[in-house]
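Thank you all for coming. I would like to walk through one structure with you today, taking the contacts region by region.

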Amino acid sequence: MVHIVPRSRTPAGPEKTAFVVLEYCGGDRTDALYRKLAGWNKDATIYVLDNASPTNRAKSATHRNRVNSYVGGGIRECIELAESMGASYVFYCANDVNFQGSLDIATFQRVMDDDPSVVLFSCSLTADSHQARVFPWMVQRAGGSVRQVRAIDPLCCLMRLDFIRGFGGFPESRGGWGFSAELAFHARTQGKKIYVSDTCAVGHTTAGSGLVGERGAKISKATEAAQVYANRYGSIDVIRDALEPPDFDETRDVELTPKMRAPSGTPQDPGTSDRSSTY
(Lines give C-alpha, C1' and ligand atoms only; values in the text may rest on other atoms or scores of the structure.)
Protein backbone atom coordinates (compact mmCIF):
# COMPACT_ATOMS: atom_id res chain seq x y z
CA MET A 1 0.00 0.00 0.00
CA VAL A 2 1.26 3.48 -0.84
CA HIS A 3 0.23 6.54 1.14
CA ILE A 4 0.69 10.19 0.35
CA VAL A 5 1.82 11.49 3.73
CA PRO A 6 1.45 15.14 4.80
CA ARG A 7 4.74 17.03 4.99
CA SER A 8 4.29 17.86 8.66
CA ARG A 9 3.36 14.69 10.52
CA THR A 10 1.12 15.35 13.50
CA PRO A 11 0.92 12.88 16.38
CA ALA A 12 -1.84 10.32 16.78
CA GLY A 13 -5.04 11.45 18.54
CA PRO A 14 -5.37 12.28 22.23
CA GLU A 15 -2.51 10.35 23.81
CA LYS A 16 -2.89 6.91 22.25
CA THR A 17 -5.51 6.87 19.50
CA ALA A 18 -5.13 7.12 15.74
CA PHE A 19 -8.47 8.37 14.37
CA VAL A 20 -8.88 7.24 10.74
CA VAL A 21 -11.79 7.78 8.35
CA LEU A 22 -11.91 5.44 5.35
CA GLU A 23 -12.95 7.42 2.27
CA TYR A 24 -14.07 6.53 -1.24
CA CYS A 25 -15.61 9.09 -3.59
CA GLY A 26 -17.32 10.88 -0.71
CA GLY A 27 -16.14 14.35 -1.70
CA ASP A 28 -18.00 17.13 0.12
CA ARG A 29 -19.86 14.65 2.32
CA THR A 30 -16.60 13.27 3.70
CA ASP A 31 -15.24 16.78 4.17
CA ALA A 32 -18.36 17.68 6.18
CA LEU A 33 -17.91 14.54 8.30
CA TYR A 34 -14.26 15.44 8.85
CA ARG A 35 -15.22 18.92 10.05
CA LYS A 36 -17.75 17.50 12.49
CA LEU A 37 -15.30 14.99 13.94
CA ALA A 38 -12.54 17.59 14.20
CA GLY A 39 -14.92 20.07 15.86
CA TRP A 40 -15.99 17.53 18.48
CA ASN A 41 -12.44 16.31 19.11
CA LYS A 42 -10.25 19.40 19.08
CA ASP A 43 -7.28 17.64 20.65
CA ALA A 44 -7.30 14.78 18.14
CA THR A 45 -5.81 14.54 14.68
CA ILE A 46 -8.29 13.10 12.18
CA TYR A 47 -6.70 11.17 9.33
CA VAL A 48 -8.63 10.48 6.12
CA LEU A 49 -7.44 7.54 4.01
CA ASP A 50 -8.73 7.86 0.43
CA ASN A 51 -9.06 4.38 -1.03
CA ALA A 52 -8.03 5.46 -4.56
CA SER A 53 -11.14 7.52 -5.41
CA PRO A 54 -11.32 7.91 -9.21
CA THR A 55 -13.70 10.88 -8.91
CA ASN A 56 -15.20 13.19 -6.29
CA ARG A 57 -12.14 13.26 -4.06
CA ALA A 58 -12.38 14.72 -0.57
CA LYS A 59 -10.21 17.73 0.17
CA SER A 60 -9.68 16.45 3.72
CA ALA A 61 -7.73 13.33 2.61
CA THR A 62 -4.38 13.02 4.38
CA HIS A 63 -3.36 9.69 2.82
CA ARG A 64 -4.26 8.12 -0.51
CA ASN A 65 -4.02 4.61 -1.94
CA ARG A 66 -2.90 4.14 -5.52
CA VAL A 67 -5.22 1.14 -5.94
CA ASN A 68 -8.68 0.57 -4.47
CA SER A 69 -8.48 -2.20 -1.87
CA TYR A 70 -12.25 -2.10 -1.18
CA VAL A 71 -13.76 -2.06 2.30
CA GLY A 72 -11.97 -5.07 3.76
CA GLY A 73 -8.59 -3.97 2.49
CA GLY A 74 -9.30 -0.43 3.58
CA ILE A 75 -9.97 -1.50 7.17
CA ARG A 76 -6.72 -3.44 7.17
CA GLU A 77 -4.88 -0.37 5.88
CA CYS A 78 -6.43 1.94 8.49
CA ILE A 79 -5.09 -0.46 11.13
CA GLU A 80 -1.71 -0.52 9.40
CA LEU A 81 -1.62 3.28 9.44
CA ALA A 82 -2.39 3.35 13.17
CA GLU A 83 0.29 0.73 13.84
CA SER A 84 2.84 2.79 11.92
CA MET A 85 2.18 5.68 14.31
CA GLY A 86 2.79 3.59 17.39
CA ALA A 87 -0.80 4.05 18.58
CA SER A 88 -2.47 1.75 21.10
CA TYR A 89 -5.91 2.10 19.52
CA VAL A 90 -7.42 2.91 16.17
CA PHE A 91 -10.77 4.64 15.91
CA TYR A 92 -12.05 3.44 12.55
CA CYS A 93 -14.90 5.37 10.91
CA ALA A 94 -16.57 4.72 7.56
CA ASN A 95 -17.10 7.87 5.52
CA ASP A 96 -20.81 7.20 4.98
CA VAL A 97 -22.16 7.14 8.53
CA ASN A 98 -24.61 9.75 9.82
CA PHE A 99 -24.06 10.76 13.44
CA GLN A 100 -26.91 11.10 15.91
CA GLY A 101 -25.29 13.02 18.73
CA SER A 102 -21.64 14.00 19.02
CA LEU A 103 -18.64 11.71 19.30
CA ASP A 104 -16.12 12.30 22.08
CA ILE A 105 -13.14 10.07 21.33
CA ALA A 106 -11.60 10.78 24.74
CA THR A 107 -14.56 9.10 26.46
CA PHE A 108 -14.09 5.95 24.39
CA GLN A 109 -10.39 5.96 25.15
CA ARG A 110 -10.94 6.42 28.89
CA VAL A 111 -13.09 3.29 29.01
CA MET A 112 -10.45 1.25 27.16
CA ASP A 113 -7.63 2.63 29.32
CA ASP A 114 -9.45 1.82 32.54
CA ASP A 115 -10.44 -1.74 31.58
CA PRO A 116 -7.89 -3.71 29.49
CA SER A 117 -10.46 -6.45 28.96
CA VAL A 118 -12.48 -4.11 26.68
CA VAL A 119 -11.11 -4.66 23.17
CA LEU A 120 -13.84 -3.03 21.01
CA PHE A 121 -16.01 -0.02 21.81
CA SER A 122 -18.52 1.05 19.17
CA CYS A 123 -21.15 3.69 18.61
CA SER A 124 -24.64 2.19 18.61
CA LEU A 125 -26.84 2.07 15.51
CA THR A 126 -30.00 3.93 14.59
CA ALA A 127 -32.98 1.64 14.14
CA ASP A 128 -33.22 2.39 10.40
CA SER A 129 -29.63 1.33 9.70
CA HIS A 130 -29.15 -1.56 7.32
CA GLN A 131 -26.94 -3.37 9.85
CA ALA A 132 -29.64 -3.15 12.54
CA ARG A 133 -31.30 -6.24 11.08
CA VAL A 134 -28.13 -8.30 11.51
CA PHE A 135 -26.93 -6.71 14.77
CA PRO A 136 -30.19 -5.82 16.61
CA TRP A 137 -28.32 -5.64 19.93
CA MET A 138 -26.38 -2.66 18.55
CA VAL A 139 -29.53 -0.54 18.11
CA GLN A 140 -29.50 2.54 20.34
CA ARG A 141 -31.52 2.19 23.55
CA ALA A 142 -33.25 5.29 24.93
CA GLY A 143 -31.71 6.47 28.16
CA GLY A 144 -28.87 4.00 27.91
CA SER A 145 -25.19 4.59 28.45
CA VAL A 146 -22.77 1.72 27.73
CA ARG A 147 -23.70 -1.92 27.20
CA GLN A 148 -21.73 -5.12 26.67
CA VAL A 149 -22.74 -6.98 23.49
CA ARG A 150 -21.69 -10.15 21.69
CA ALA A 151 -20.43 -8.49 18.49
CA ILE A 152 -20.36 -5.21 16.60
CA ASP A 153 -20.19 -4.18 12.98
CA PRO A 154 -17.01 -2.06 12.96
CA LEU A 155 -18.53 0.92 11.14
CA CYS A 156 -17.50 3.43 13.76
CA CYS A 157 -15.55 2.04 16.69
CA LEU A 158 -12.42 2.06 18.79
CA MET A 159 -10.30 -1.07 18.44
CA ARG A 160 -7.45 -2.22 20.68
CA LEU A 161 -4.52 -2.83 18.36
CA ASP A 162 -2.68 -5.44 20.43
CA PHE A 163 -5.88 -7.52 20.47
CA ILE A 164 -6.08 -7.48 16.66
CA ARG A 165 -2.35 -8.08 16.38
CA GLY A 166 -2.71 -11.04 18.75
CA PHE A 167 -4.83 -13.08 16.33
CA GLY A 168 -2.72 -12.12 13.32
CA GLY A 169 -4.88 -9.28 12.02
CA PHE A 170 -7.66 -9.62 9.47
CA PRO A 171 -7.12 -11.84 6.43
CA GLU A 172 -7.02 -10.35 2.94
CA SER A 173 -10.61 -9.66 1.89
CA ARG A 174 -12.16 -7.10 -0.40
CA GLY A 175 -15.64 -7.30 1.06
CA GLY A 176 -14.58 -7.56 4.69
CA TRP A 177 -17.48 -9.90 5.46
CA GLY A 178 -16.60 -12.08 8.42
CA PHE A 179 -14.48 -9.44 10.16
CA SER A 180 -17.25 -8.81 12.72
CA ALA A 181 -17.59 -12.49 13.52
CA GLU A 182 -13.83 -12.92 13.75
CA LEU A 183 -13.56 -10.06 16.25
CA ALA A 184 -16.40 -11.56 18.31
CA PHE A 185 -14.86 -15.04 18.12
CA HIS A 186 -11.50 -13.97 19.51
CA ALA A 187 -13.10 -11.72 22.13
CA ARG A 188 -15.24 -14.61 23.34
CA THR A 189 -12.47 -17.22 23.37
CA GLN A 190 -10.13 -14.83 25.22
CA GLY A 191 -12.72 -13.62 27.73
CA LYS A 192 -12.63 -10.04 26.40
CA LYS A 193 -15.44 -7.48 26.25
CA ILE A 194 -17.17 -5.62 23.42
CA TYR A 195 -19.08 -2.45 24.29
CA VAL A 196 -21.52 -0.16 22.50
CA SER A 197 -22.37 3.39 23.54
CA ASP A 198 -26.01 4.44 23.50
CA THR A 199 -24.99 8.08 23.92
CA CYS A 200 -23.57 8.16 20.39
CA ALA A 201 -25.37 6.47 17.51
CA VAL A 202 -24.68 6.33 13.79
CA GLY A 203 -27.00 5.68 10.90
CA HIS A 204 -25.82 3.62 7.94
CA THR A 205 -28.17 2.75 5.09
CA THR A 206 -25.80 1.25 2.53
CA ALA A 207 -26.77 -2.29 1.57
CA GLY A 208 -25.18 -4.65 -0.88
CA SER A 209 -23.96 -8.23 -0.97
CA GLY A 210 -21.68 -7.82 -3.96
CA LEU A 211 -18.68 -5.95 -5.27
CA VAL A 212 -17.61 -4.98 -8.75
CA GLY A 213 -13.99 -5.97 -9.12
CA GLU A 214 -11.39 -5.48 -11.79
CA ARG A 215 -12.71 -5.24 -15.35
CA GLY A 216 -16.30 -5.25 -14.08
CA ALA A 217 -16.23 -8.74 -12.59
CA LYS A 218 -18.94 -9.26 -9.96
CA ILE A 219 -17.84 -10.64 -6.61
CA SER A 220 -20.18 -12.11 -4.00
CA LYS A 221 -19.12 -10.95 -0.53
CA ALA A 222 -20.63 -14.06 1.04
CA THR A 223 -18.78 -16.38 -1.35
CA GLU A 224 -15.52 -14.53 -0.78
CA ALA A 225 -15.95 -14.62 3.00
CA ALA A 226 -16.72 -18.35 3.00
CA GLN A 227 -13.52 -19.04 1.07
CA VAL A 228 -11.37 -16.64 3.11
CA TYR A 229 -12.41 -18.20 6.41
CA ALA A 230 -12.40 -21.77 5.10
CA ASN A 231 -8.74 -21.15 4.34
CA ARG A 232 -8.13 -19.69 7.78
CA TYR A 233 -10.22 -21.81 10.14
CA GLY A 234 -11.54 -24.69 8.05
CA SER A 235 -15.02 -23.13 7.90
CA ILE A 236 -16.59 -19.73 8.44
CA ASP A 237 -18.98 -21.43 10.88
CA VAL A 238 -16.11 -21.63 13.38
CA ILE A 239 -16.20 -17.87 13.94
CA ARG A 240 -19.94 -17.46 13.36
CA ASP A 241 -20.59 -19.46 16.52
CA ALA A 242 -19.58 -16.30 18.42
CA LEU A 243 -22.76 -14.60 17.16
CA GLU A 244 -24.96 -16.94 19.21
CA PRO A 245 -26.63 -15.42 22.32
CA PRO A 246 -24.11 -14.69 25.09
CA ASP A 247 -24.29 -15.53 28.77
CA PHE A 248 -24.82 -11.87 29.75
CA ASP A 249 -27.65 -9.37 29.32
CA GLU A 250 -27.03 -7.13 26.31
CA THR A 251 -29.80 -4.71 27.34
CA ARG A 252 -28.28 -3.60 30.65
CA ASP A 253 -25.81 -0.76 31.19
CA VAL A 254 -22.40 -1.74 32.50
CA GLU A 255 -20.98 -0.06 35.57
CA LEU A 256 -18.44 2.63 34.67
CA THR A 257 -15.96 4.08 37.10
CA PRO A 258 -16.06 7.90 37.50
CA LYS A 259 -12.93 8.39 35.41
CA MET A 260 -14.46 6.38 32.55
CA ARG A 261 -17.49 8.64 32.24
CA ALA A 262 -17.78 11.55 29.83
CA PRO A 263 -17.53 15.07 31.29
CA SER A 264 -20.92 16.69 31.81
CA GLY A 265 -22.12 19.19 29.25
CA THR A 266 -20.79 17.40 26.17
CA PRO A 267 -22.52 19.11 23.21
CA GLN A 268 -24.92 17.13 21.10
CA ASP A 269 -25.31 17.37 17.34
CA PRO A 270 -28.18 16.15 15.16
CA GLY A 271 -25.74 14.71 12.63
CA THR A 272 -25.94 14.89 8.87
CA SER A 273 -28.54 13.65 6.43
CA ASP A 274 -25.95 12.80 3.75
CA ARG A 275 -26.24 9.33 2.34
CA SER A 276 -23.57 6.78 1.69
CA SER A 277 -21.31 5.72 -1.15
CA THR A 278 -19.96 2.30 -1.97
CA TYR A 279 -16.40 1.00 -2.16
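Let me begin with a question: which residues does G176 touch, not counting residues up to four places away in sequence? With that exclusion, G176 touches G72 and E224, where contact means heavy atoms within 4.5 Å. Before I go on, two remarks on how to read this: the model is predicted, so that local features need pLDDT of at least 70 and side-chain atom pairs count only at pLDDT 80 or more, while totals for chains, interfaces and linings use all residues. Residues are numbered from 1 along each chain as its sequence is written, and side-chain values use heavy atoms, with hydrogens and water left out.

Returning to G176, its place is in the loop between α4 and α5, with helices (H or I, at least four residues) and strands (E, at least two) taken as DSSP runs and numbered from the N terminus. G176 is buried at a relative accessible area of 12%, where buried means under 20% relative accessible area, exposed means over 50%, and partly exposed lies in between, with a 1.4 Å probe and protein chains only. From G176 to A225 the C-alpha to C-alpha distance is 7.4 Å, although 49 residues separate the two in sequence.

The loop that holds G176 also brings us to the salt bridges, of which a search of the whole structure finds eight; the criterion is a side-chain nitrogen of Lys or Arg within 4 Å of a carboxyl oxygen of Asp or Glu. One of them joins the side chains of E224 and R174, at 3.9 Å from N to O. This pair links distant parts of the chain, since E224 lies in helix α6 (residues 221-233) and R174 in the loop between α4 (161-166) and α5 (179-190), 50 residues apart. E224 is buried at 14% relative accessibility, whereas R174, with a relative accessible area of 28%, is partly exposed.

Helix α6 takes part in another salt bridge, in which the closest N and O atoms of R232 and E182 are 2.8 Å apart. Because R232 lies in helix α6 and E182 in helix α5, the pair ties together parts that are 50 residues apart in sequence. R232 is partly exposed at 29% relative accessibility, while E182 is buried at 0%.

A further salt bridge, between the side chains of R64 and D50, has an N to O distance of 3.5 Å. Here R64 lies in strand β3 (residues 63-64) and D50 in strand β2 (residues 46-50), so the pair ties together parts that are 14 residues apart in sequence. D50 counts as buried, at 0% relative accessibility.

Let me turn now to the aromatic residues. A search of the whole structure finds 11 aromatic pairs, counting rings of Phe, Tyr and Trp (its six-membered ring) whose centres lie within 6.5 Å, with planes under 30 degrees apart called stacked, over 60 edge-to-face and the rest tilted. F108 and F121 form a tilted pair, 4.3 Å centre to centre with 35° between the planes. Since F108 lies in helix α3 (residues 105-114) and F121 in strand β6 (residues 118-125), this pair ties together parts that are 13 residues apart in sequence. F121 also pairs edge-to-face with Y195, at 6.0 Å centre to centre and 85° between the planes. That second pair spans 74 residues, from F121 in strand β6 to Y195 in strand β9 (residues 193-203). F108 and F121 are both buried, and Y195 is buried as well. Ring pairs link F19, F91, F108, F121 and Y195 into a cluster.

What surrounds that cluster? In α3, the buried residues are I105, T107, F108, Q109, V111 and M112, and the buried residues of this helix pack against β1 (17-23), β4 (89-94), β6, β8 (156-160) and β9. In strand β6 we also find S122, which is buried with a relative accessible area of 1%. Leaving aside neighbours within four places in sequence, the contacts of S122 include F108, C156, C157 and Y195.

Finally, the cysteines: a search of the whole structure finds zero disulfides, a disulfide being a pair of cysteine sulfur atoms within 2.5 Å. C200 is in no disulfide, and the nearest cysteine sulfur, that of C123, is 3.3 Å away. C200 is buried, at 1% relative accessibility.
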